[in-house]
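Subject: Structure handover

Hello,

The structure you asked about is below, with the sequence. My notes follow it and are grouped by topic.

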Amino acid sequence: MAAVTPRVFVSHLSGVPVFDPNGDQVGRVRDLVAMLRVGGRPPRILGLVVEVISRRRIFLPMTRVTGVESGQVITTGVVNMRRFEQRPTERLVLGEFLDRRVRLVEGDEEVTVLDVAIQQLPARRDWEIDKYFVRKGRGGALRRKGETLTVEWSAVSGFSLEEHGQGAESLVATFERLRPTDVANALHHLSPKRRVEVAAALDDDRLADVLEELPEDDQVEIIGKLAEERAADVLEAMDPDDAADLLSELPEDDKERLLALMRPDDAADVRRLMSYEERTAGGLMTTEPIVLRPDATVADALARVRQADLSPALAAQVYVCRSPDETPTGKYLGTVHFQRLLRDPPFTLVSSIVDSDLVPLRPDTPLPLVTSYLAAYNMVSAPVVDESGSLLGAVTVDDVLDHLLPDDWRETDLTDLHGEEGVDRGGR
């Protein structure tokens, strides 16, 4: 039986404090941001509008929220302090949904929305609108009569998108369940004007995933049309190696302006990657593999591997380093493969099962040798280590394939493989 996740009414979230993992207050919740969807699906909650100490309102994605309970919200501690700006596809739940007049599907009776309940989907970080608390009859400042009831989201009309229409809002909603590769393919075949409109309507994380799948010309076109602060946000959300590749295609002045707007740690990773030759292990690697200290357990490793935002290639193994357990300063000790993690008890230390015999790649290893290395050892990812023994990052097989395939491979329509109905349109 699936675990039942708690239901939260948004009126109870208004003004509640937001804390980071250390217990320091970040700010207070002022609203929730939702996206309407087509096909009779409930609106998705994208994040929270949080007012920080300086009274600036920022956007906190729900993927960064780890707890909503006991009159408080807990975050991962990673907060973007840029001012929140509502996008065309977004709706403010407190500001736009409450007190709205809608109709009950059964009986076509007009009601007023008094509150909205949201619920987290089981085993995922996604949140959706679950129920509406409504009042029948017409209300007003001096008139509060009428029967109140709680109804399912599907029992109310007035919060869904039509299947047709030219607005970016509807088109973005139809993209929601597609994989980033399929969205990128659809964007590529739109007119330049329409492509930029739709890309601008996507949220930062989604646009970052899609940009990574687009041809370089489309990437440069889209990033160049975004406001510079928004472009920097999207680059931060991209994998560092993909962000480095994109920035390398921009004029020097544009590149430096965007790097200056990025968070210092993110910009440092990207600058480091751009210092290597493109077709080498250093130029191909990502700086964000899973890194653990020797005293971590198998249970710790499996918890990291289960993170939903990891690619399958990066989740296939963890790298063990002496402290600090991060690139590029951690001293590399070896690799633990995912299958080995499944075979040992949860309390086992990763240092006792580490594979230290596999020789890591050097950052100047050329692409042909990287390819041969992955093929020879049946690897989907490999560590990159400098002369001092520090782990710099990891090269994954998908990045190697990017550089082995023809330049126009991204323009291939994958629906040709099995026909339109044969393509997997499910989410990640």
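Arginine 230 and aspartate 204 form a salt bridge through their side chains, with 2.5 Å from N to O. This pair ties together distant parts of the chain: arginine 230 belongs to helix H7 (residues 228-237) and aspartate 204 to helix H5 (residues 204-211), 26 residues apart. Please keep in mind that this is a predicted model. Are the two partners buried or exposed? Arginine 230 has a relative accessible area of 10%, under the 20% limit, so it counts as buried. Aspartate 204 is buried too, at 18% relative accessibility.

How many salt bridges are there in the whole structure? The search finds 25. Here are two others that I looked at.

Aspartate 266 meets arginine 263 in a salt bridge, at 3.1 Å from N to O. Aspartate 266 is buried, with a relative accessible area of 15%, whereas arginine 263 is partly exposed at 29%.

Arginine 293 and aspartate 295 also meet through their side chains, with an N to O distance of 3.7 Å. Here arginine 293 is partly exposed, with a relative accessible area of 37%. Aspartate 295, at 51% relative accessibility, is over the 50% limit and therefore counts as exposed. Some salt bridges share partners: Arg82, Asp233, Glu236, Arg263 and Asp266 are joined in this way into one network.

Next, the surface patches. Which residues gather in a patch of negative charge on the surface? They are Glu216, Asp217, Glu249, Glu277 and Glu278. Of these, glutamate 278 sits in the loop that runs between helix H10 (264-274) and helix H11 (281-284). Its relative accessible area is 45%, so glutamate 278 is partly exposed.

There is also a nonpolar patch on the surface, of about 250 Å², made by Leu401, Leu404 and Leu405. Leucine 401 is placed in helix H15 (residues 397-404) and is partly exposed, with a relative accessible area of 42%.

On to the strands. One open sheet has three strands in the order S14-S15-S16, and its pairing is mixed. Why is one side of S14 and of S16 left without a neighbour in the sheet? Strand S14 (291-292) and strand S16 (331-337) stand at the edges and each has a single partner strand, so each has one side with no neighbour there. S14 pairs with strand S15 (residues 317-322) in the parallel sense, over two bridges. Leucine 292 has valine 320, in S15, as its bridge partner.

The loop between S15 and S16 is worth opening in your viewer. Proline 324 is in this loop, and the peptide bond leading to proline 324 from serine 323 is cis, with omega near 5°. Proline 328 lies in the loop between S15 and S16 as well. Threonine 327 and proline 328 are joined by a cis peptide bond, with omega about 0°.

Two aspartates have backbone angles that I noted. Aspartate 99 is not a glycine, yet its phi is positive, at about 70°. Its place is the loop between helix H1 (93-97) and strand S9 (101-104), and at 60% relative accessibility aspartate 99 counts as exposed. Aspartate 108 is a residue other than glycine with a positive phi, near 55°. Aspartate 108 lies in the loop between S9 and strand S10 (110-120). With a relative accessible area of 47%, aspartate 108 is partly exposed.

One last item is a pair of residues. Valine 26 is part of strand S3 (residues 25-35). With a relative accessible area of 16%, valine 26 is buried. How many residues along the chain lie between the positions of valine 26 and isoleucine 53, and what separates their C-alpha atoms? The two are 27 residues apart along the chain, and their C-alpha atoms are separated by 7.3 Å.

Regards

Methods
Residues numbered from 1 in each chain as written. Predicted model: local features only at pLDDT ≥ 70, side-chain atom pairs only at ≥ 80, totals over all residues. Heavy atoms only, no water. Patch = residues over 30% accessible without salt bridge, like charges linked within 9 Å, V, L, I, M, F, W, Y side chains within 5 Å. Areas by Shrake-Rupley, 256 points an atom, 1.4 Å probe, with all protein chains shown as cover. Salt bridge = Lys/Arg side-chain N within 4 Å of Asp/Glu carboxyl O. Lys, Arg positive; Asp, Glu negative; His and termini not counted. Charge placed at Lys NZ, Arg CZ, Asp CG, Glu CD. Helix = DSSP H or I, 4+ residues; strand = E, 2+ residues; numbered from the N terminus. Buried < 20%, exposed > 50% of the residue type's maximum accessible area, 1.4 Å probe, protein only. Pairing = 2+ DSSP bridges.
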